[in-house]
Amino acid sequence: MFRELVSTAAAALGRKDVGSGQVILSLKDELARRQEEGAHRMVERQVALQVAFCRERLTWLLPMVGLSAAFLVAGYRVTRSSVVLYPLVPMSFAVFYQCDLAYGSKTNRIKGIAERILAEEASMVHVPEWHYTGMTPG
């Protein structure tokens with residue numbers, strides 16, 4: 001079976017004089033490349049899922065904020081007090097944030113900030129080394 005794998009890998013490399021060491025190295029490189037591609041696809045899926053959650057949340061948030069705004073404006077007309085309209089400020093921030101995340105460039109900005117933190121402030125994300133002992137505390 002190993003010989004078949006070596007001959008298949010050698011054929012994929014297009015050479016007949018390839019030794020088993022070279023084949024193993026090329027297989028390791030191919031495996032590493034495929035793992036990296038898989039990890040990249042997984043991250044893309046996670047980001048897409050986050051954006052999808054945000055868009056779905058907007059389908060609930062926008063009608064609620066719109067209806068609340070209508071009632072607050074009606075309350076303002078009755079009382080003529082601007083205090084009634086104050087809840088519109090935090091609600092509008094929440095809606096704008098969700099819209100930016102769902103349809104804007106928020107995910108790209110977050111990704112850029114994260115990359116900058118990893119590059120410039122690596123000590124902030126240092127994970128302490130620990131070893132699993134298999135024992136429960138107590």
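Reader: In this predicted model, with which residue does R33 form a salt bridge whose closest N and O atoms are 2.4 Å apart, four residues away in helix α2?
Author: R33 forms a salt bridge in which the closest N and O atoms are 2.4 Å apart, and its partner lies in helix α2 as R33 does, four residues away, about one turn of the helix. That partner is partly exposed, because its relative accessibility is 35%. The residue is E37.

Reader: Which residues are linked with R33 in a network of salt bridges?
Author: Besides its bridge to E37, R33 meets the side chain of E30 in a salt bridge of 2.4 Å, N to O, and E30 and R33 lie three residues apart in helix α2. Side chains of opposite charge can pair when their charged atoms come close. The network that includes R33 links it with E30, R34 and E37.

Reader: Is Q98 buried or exposed?
Author: Q98 sits in helix α3, which spans residues 88-103, and, leaving aside its neighbours within four places in sequence, Q98 is in contact with C54, R57, L58 and L61. Its relative accessible area is 11%, and because buried means under 20%, Q98 is classed as buried.

Reader: What distance separates the C-alpha atoms of V47 and T107?
Author: V47 has its place in helix α2, residues 20-79, and counts as partly exposed because its relative accessibility is 30%. Although V47 and T107 are 60 residues apart along the chain, their C-alpha atoms are separated by 7.8 Å.

Terms used
Residues numbered from 1 in each chain as written. Predicted model: local features only at pLDDT ≥ 70, side-chain atom pairs only at ≥ 80, totals over all residues. Heavy atoms only, no water. Helix = DSSP H or I, 4+ residues; strand = E, 2+ residues; numbered from the N terminus. Buried < 20%, exposed > 50% of the residue type's maximum accessible area, 1.4 Å probe, protein only. Contact = heavy atoms within 4.5 Å.
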